[in-house]
Amino acid sequence: MNTCFKCGPAVFLLRDFCNKSPFATWHWKLDPFRTDSVCDDVTEINLNKSAVDIADTQTVNCVKDGFYTREVLKTESGTVHRLIRNSSSQIMLSVFVDESYKSINIIEDNTESSGQGAFEFLGRIAMHSMIEKNVLPFHGVLMEYNGKGIIISAPSETGKTTHAR
C-alpha cells in the first residue's frame, strides 16, 4: 500500500507503507498528515531494498559514538547514509538519497528489527528533505486546550503522546 503525507509544502510518498509490521502499527501517527493530492514536488521513500551503485564514493561525514558509526558518503548522484556497528564493522543500515531529495531508498537493512530501525533512520533523513522545502521539523506533539494549540517537544520515549491523549 502506498501512502502520501504532507507536512507544510513537503509531500512524501511512502511505498509499501503498511506492509511491514512496525509501519502497520505506527500508521496512525501519520493519519493527520495523510493526503490524496500529489504534486510534482514529491519525495518518494521506498521501503523495499533497492540496488544502488555506490562505486566511487567519498566520505563527507563520519561520527563514531558508543555502539555505532554514522557515515555519509557522496556519490555522483546523491549521498549514502550508513549505520555501522563498531564491534564488528558490519553495515547495519544503508540508505541512498538522490541529490534533489526526490528519492530515498533503503539499500541494506541488517538491523533484524522488522523494519523499525529503517523507519527511525528514514525519519532522520526525511528531516533534511523537509528543511530543503523550508519546513522546520522538530520532535513533539501538538495538543489543543481551550481553543489554543500547545506544542510539547521532548526526547523520544518521554510520554508526549501518552499525555496528549
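What follows is a short walk through the fold, one buried residue and one hairpin.

The model is a predicted one, and its overall make-up is easy to lay out. Three helices and ten strands turn up in the protein chain. Read from the N terminus, these elements come in the order β-β-α-β-β-β-β-β-β-α-β-β-α. The protein chain has 165 residues, and 35% of them count as buried. As for who touches whom along the sequence, take the contacts between residues at least 6 apart: 39% of these link residues at least 24 apart. The accessible surface of the protein chain adds up to about 10,200 Å², with carbon and sulfur atoms making up 51% of that area.

Turning to a single position, Asn105 sits in strand β8, which covers residues 103–109. Asn105 counts as buried because its relative accessibility is 12%, under the 20% cut-off. Once neighbours within four places in sequence are set aside, the contacts of Asn105 are Asn46, Ser50, Ser94, Val95 and Phe96.

Further along the chain comes the hairpin of β9 and β10. Strand β9 takes in residues 140–145 and strand β10 residues 148–153, and the two pair up antiparallel through six bridges. Within this pairing, Gly140 lies opposite Ser153 of β10. Two residues are left between the strands of the hairpin, and Asn146 there adopts a positive phi near 55°.

Methods
Residues numbered from 1 in each chain as written. Predicted model: local features only at pLDDT ≥ 70, side-chain atom pairs only at ≥ 80, totals over all residues. Heavy atoms only, no water. Helix = DSSP H or I, 4+ residues; strand = E, 2+ residues; numbered from the N terminus. Buried < 20%, exposed > 50% of the residue type's maximum accessible area, 1.4 Å probe, protein only. Contact = heavy atoms within 4.5 Å. Pairing = 2+ DSSP bridges. Areas by Shrake-Rupley, 256 points an atom, 1.4 Å probe, with all protein chains shown as cover.
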